[in-house]
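Here is an informal tour of a protein model, written with a computational chemist in mind. Have the viewer open and follow along.

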Amino acid sequence: FYSRHIVERLEIGTRMTYLFLLDDTRGEPNNGSFVGTITMLKEDQDYLPTRLYVQYWISPRFGAGLSYDRIGAEAWDYGGSDGTTVLSGPLLYAVGRYPNATKFTPFCELGAALYSAKFEEKAGAWGTEKEFVLDNTQGFYLALGCDWLLQEQFSVNLYGRYMNVDVDGVYNYQGRKREDIIFTMSNLTFGLGAKFIF
């Protein structure tokens with residue numbers, strides 16, 4: 001079973017990533033803004049190699065995978081940051097590759113993200129009367145990359161991804177809805193990863 005269904009089929013790895021938001025400004029304070037006076041989003045980068053993934057090759061060219069992802073964006077107005085919108089959760093994807101005689105194997109992914117959303121208020125920025133409540137959301141993405149085989153069971157890779165995703169929610173004040181929220185979180189992500197091949 002192991003040699004037939006696991007060897008050269010199952011892979012586990014992780015990545016570190018760098019994020020670029022594609023729609024990071026909106027409107028004017030209290031006029032077409034993300035919410036209230038918030039008109040700017042700034043990337044909250046996380047450089048730790050925590051984007052774990054596992055994938056399985058059904059055939060030499062096609063497979064499926066599961067990964068963990070996190071996207072962060074600080075909400076800014078001209079007075080500073082109110083806090084950070086954080087999306088985290090699994091990515092489910094189909095993956096294809098082009099086997100060849102070199103040590104370099106290009107691949108592509110097409111997938112969906114299932115994100116939990118929350119707003120982490122900046123310490124000391126708010127009192128207890130204000131609250132941002134965000135809805136969980138879904139995103140869709142396309143990624144390209146290339147594996148470089150260093151040893152028989154170990155490779156490193158370069159990775160680039162376009163993700164389309166937005167987050168809706170409400171701004172509550174003293175327990176009552178004050179305004180709708182939309183944070184545009186579509187992004188380009190670039191990464192460097194490593195994986196083990198069983």
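Strands here are DSSP runs of E with at least two residues, numbered from the N terminus. With that in hand, keep in mind that this is a predicted model.

The chain has one helix and twelve strands, and the helix comes at the N-terminal end of the order, with the strands following. The C-alpha trace spans about 60 × 30 × 25 Å along its principal axes. Of the 198 residues, 41% count as buried.

**The largest pocket**

Let's start with the open space. The largest pocket holds about 520 Å³. Its lining takes in 23 residues, and those nearest the centre are Glu8, Glu11, Arg97, Leu149 and Ile197. Which strands give this lining at least two residues each? They are β6 (104-121), β8 (137-151) and β12 (187-197). Strand β8 has the largest share, with three residues. By class, the pocket lining splits into nine nonpolar, six polar and eight charged residues.

Glu8 deserves a second look. This residue sits in the loop between α1 (2-5) and β1, and its phi is near 65°, a positive value in a residue other than glycine. Glu8 counts as exposed because its relative accessible area is 58%, and the cut-off for exposed is over 50%. Another positive phi turns up at Gln174, about 55°, and that residue is not a glycine either. Gln174 is in the loop between β10 (166-173) and β11 (176-184).

**Closed spaces**

Searching the whole structure gives three cavities of 30 Å³ or more. The largest of them has a volume of about 90 Å³. It is lined by 13 residues, with Thr17, Leu19, Gln45, Arg51 and Arg70 closest to its centre. Both β1 (10-21) and β4 (62-77) supply at least two of the lining residues, and β4 has the largest share with four. The lining comprises three nonpolar, four polar and six charged residues.

The second largest cavity comes in at about 60 Å³. Its lining includes Arg15, Thr17, Arg51, Tyr68, Tyr93, Glu109 and Tyr159. Strands β1, β4, β5 (80-97) and β9 each give two or more residues to that lining, which divides into five nonpolar, two polar and four charged residues. Thr17 and Arg51 are worth picking out in the viewer, as they are among the residues closest to the centre of the largest cavity and also line the second largest.

**Salt bridges**

Nine salt bridges are found in the whole structure. Three of them are set out here.

| Acidic residue | Basic residue | Closest N to O distance |
|---|---|---|
| Asp46 | Arg51 | 3.2 Å |
| Asp69 | Arg51 | 3.7 Å |
| Asp147 | Lys195 | 2.9 Å |

Arg51 pairs with Asp46 and also with Asp69. Is Arg51 buried or exposed? Arg51 is buried, because its relative accessible area is 6%. Asp46, at 19%, counts as buried too, because the cut-off is under 20%. Asp69 is likewise buried. Asp69 lies in strand β4 and Arg51 in the loop between β2 and β3 (53-57), so their bridge ties together parts that are 18 residues apart in sequence.

Now for the bridge between Asp147 and Lys195. Asp147 belongs to strand β8 and Lys195 to strand β12, so this pair links parts that are 48 residues apart in sequence. Both partners are buried. Through shared partners, salt bridges join Glu11, Arg97, Asp147 and Lys195 into one network. That brings us back to the largest pocket, where Glu11 and Arg97 are among the residues nearest the centre.

**The nonpolar patch**

On the surface, a nonpolar patch of about 950 Å² is formed by ten-odd side chains worth selecting together: Met16, Tyr18, Phe20, Leu22, Tyr47, Leu158, Tyr162, Leu188, Phe190 and Leu192. Strands β1, β9 (154-164) and β12 each supply at least two of the patch residues. Leu22 is in the loop between β1 and β2 (40-43); this leucine counts as partly exposed because its relative accessible area is 45%.

Elsewhere, Leu142 in strand β8 is also partly exposed, at 46% relative accessibility. Leu142 and Gly89 lie 53 residues apart in sequence and 17 Å apart in space, C-alpha to C-alpha.

How values were computed: Residues numbered from 1 in each chain as written. Predicted model: local features only at pLDDT ≥ 70, side-chain atom pairs only at ≥ 80, totals over all residues. Heavy atoms only, no water. 1 Å grid on protein atoms, 1.4 Å probe; cavity = no way out; pocket = protein on both sides within 12 Å on 5 of 7 lines; lining within 4 Å. Points joined across faces, edges and corners; volume = space filled by probe spheres on them. Nonpolar A, V, L, I, M, F, W, Y, C, P; charged D, E, K, R; others polar. Patch = residues over 30% accessible without salt bridge, like charges linked within 9 Å, V, L, I, M, F, W, Y side chains within 5 Å. Areas by Shrake-Rupley, 256 points an atom, 1.4 Å probe, with all protein chains shown as cover. Salt bridge = Lys/Arg side-chain N within 4 Å of Asp/Glu carboxyl O. Buried < 20%, exposed > 50% of the residue type's maximum accessible area, 1.4 Å probe, protein only.
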